[in-house]
Amino acid sequence: MTSRLSNVEARIGSAEQLLAVVTAMRGIAAARSHEARTHLEGIRAYSESIGNAISRALPLLPSKTAISFGAAEPGHAIIAISAGQGFAGSFSERVLDATVAIMEEDPQSRLLMIGDRGLMVAAERNVAVEWTAPMVAHVAQIADLASRIMETLYDRLDTGELSRVTMVYTTLGEAGQLDILCRPLIPFDYRRFPPSRSAQPPLITLPAQRLVTQLAEEYVFAELCEALTLSFAAENEARTRSMIAAKSNVGRTLDGLVSLSRQLRQEEITNEIIELSAGNV
């Protein structure tokens, strides 16, 4: 009886430690998700500024000038943004499901995977990954990761290896659900920016064609930053929910162990009383 009680008390100690870890992980994940969402406002304001600049720069181009940034030709890359760390439920699996669906429609496409967890899932499913990079651990690292992705894309665009790029990532829906988005990144759609009809044209120091192209590249960078930030927030929201479920499960286990411990302790006391009574007789 004593050894069994000691075993239960040891399990209680382990459960309490696990509960503390789960609680801490939940707090960290919730804080990171909130921090990422607060950064979105600044990223979107930046995107809006670049978009307004594109609208003002487009009328400066000669009327017959062709503007393009990538073309609708073979050479399709898919940037899949998965989880960088574990305990996020089926987060990475859902991203890869959406990615594989696109790849099945375009068998010549190649996969650029962001996040170690997605890379593991891809390996389990025998999905070929051409290029990979770790997902960020903090919001402050997003700009560096976006720059690294841009460099990789430009290397392939310059050599004609790529002409189309699609992003697959997760975002938080209005009702709090996690939604998978598939968005084209390249070719760049200038039709999103109606030319400005401002009476006073802007002063520029670059040729109009070069200016518009560089603004488009800057806008693509902003779109990458937004997708990475949304995915980072969604990943940590998924982790928060997983930790809430884990805390509930550990809590129930701990309650059961405490109840069993009290029962065993009472049985031990009862047996001692019976032994003492028998000895006095």
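Reader: How much space lies in the largest cavity?
Author: The model is a predicted one, and the structure holds one cavity of 30 Å³ or more. The space that lies in the largest cavity is about 30 Å³.

Reader: Which element gives the most to the lining of the largest cavity?
Author: The residues that line the largest cavity are Arg-32, Gly-84, Gln-85, Val-136, Phe-232, Glu-235, Asn-236 and Arg-239. By class, this lining divides into two nonpolar, three polar and three charged residues. The element that gives the most to the lining, with four residues, spans residues 208-280 and is helix H5.

Reader: How much space lies in the largest pocket, and which helix gives the most to its lining?
Author: The space in the largest pocket comes to about 150 Å³. Of the 13 residues that line this pocket, the closest to its centre are Gly-89, Ser-92, Glu-93, Arg-117 and Val-121. Two elements give two or more residues to the lining, namely H2 and helix H3, which covers 116-124. With about 150 Å³ as the volume, the helix that gives the most to the lining, with four residues, is H3.

Reader: How many nonpolar residues are in the lining of the largest pocket?
Author: Sorted by class, the lining of the largest pocket includes four polar residues and three charged ones. The nonpolar residues in this lining number six.

Reader: Is strand E1 largely enclosed or largely open, and why?
Author: In strand E1, which spans residues 76-81, His-76, Ile-78 and Ala-80 point one way, whereas Ala-77, Ile-79 and Ile-81 point the other way, and all of them are buried. Because six of the six residues of E1 are buried, the strand is, with respect to the rest of the structure, largely enclosed.

Reader: In which sense do E1 and strand E4 pair?
Author: Strand E4 takes in residues 164-172, and five bridges join E4 to E1. One position in this pairing can be followed by eye, since Ala-77 stands opposite Val-165 in E4. The sense in which E1 and E4 pair is parallel.

Reader: Which residue in E2 is the bridge partner of Ala-80?
Author: E1 and E2 run parallel and are joined by five bridges. Looking along E2 for the residue that partners Ala-80, one arrives at Met-113.

Reader: How many residues of E2 are buried?
Author: Both faces of E2 are covered, with Arg-110, Leu-112 and Ile-114 buried on one side, and Leu-111 and Met-113 buried on the other. E2 is thus mostly covered, and of its five residues the number buried is five.

Reader: Is Ile-79 buried or exposed, and what is its relative accessible area?
Author: Ile-79 is found in strand E1, and its contacts beyond four places in sequence include Leu-112, Ile-114, Ile-149, Leu-153, Val-165 and Leu-224. The C-alpha atoms of Ile-79 and Leu-111, although 32 residues apart along the chain, are separated by 6.3 Å. A residue counts as buried when its relative accessible area is under 20%, so Ile-79 is buried, with a value of 0%.

Reader: Which backbone oxygen does the side chain of Ser-109 reach?
Author: Ser-109 has its place in the loop between helix H2, at 91-105, and strand E2, at 110-114. Ser-109 is buried, with a relative accessible area of 9%, and, leaving out residues up to four places away in sequence, it touches His-76, Ile-78 and Met-103. At a distance of 2.7 Å, the side chain of Ser-109 reaches the backbone oxygen of Asp-106.

Reader: Which residue in the turn of the hairpin formed by E4 and E5 has a positive phi?
Author: E4 pairs with strand E5, at residues 178-186, in the antiparallel sense over eight bridges, and within E5 the residue opposite Val-168 is Cys-182. Five residues lie between the two strands of the hairpin. The turn residue with a positive phi, of about 90 degrees, is Gly-176.

Reader: How does Leu-181 count by its relative accessibility, and what is the value?
Author: Leu-181 lies in strand E5, and, leaving aside neighbours within four places in sequence, Leu-181 is in contact with Met-167, Val-168, Tyr-169 and Thr-171. The C-alpha atoms of Leu-181 and Phe-91, which are 90 residues apart along the chain, are separated by 13 Å. Partly exposed is the class between under 20% and over 50%, so Leu-181 counts as partly exposed, with a relative accessibility of 30%.

Technical notes
Residues numbered from 1 in each chain as written. Predicted model: local features only at pLDDT ≥ 70, side-chain atom pairs only at ≥ 80, totals over all residues. Heavy atoms only, no water. Buried < 20%, exposed > 50% of the residue type's maximum accessible area, 1.4 Å probe, protein only. Polar contact = N/O pair within 3.5 Å; in protein donor to acceptor, adjacent residues only side chain to side chain. Contact = heavy atoms within 4.5 Å. 1 Å grid on protein atoms, 1.4 Å probe; cavity = no way out; pocket = protein on both sides within 12 Å on 5 of 7 lines; lining within 4 Å. Points joined across faces, edges and corners; volume = space filled by probe spheres on them. Nonpolar A, V, L, I, M, F, W, Y, C, P; charged D, E, K, R; others polar. Pairing = 2+ DSSP bridges.
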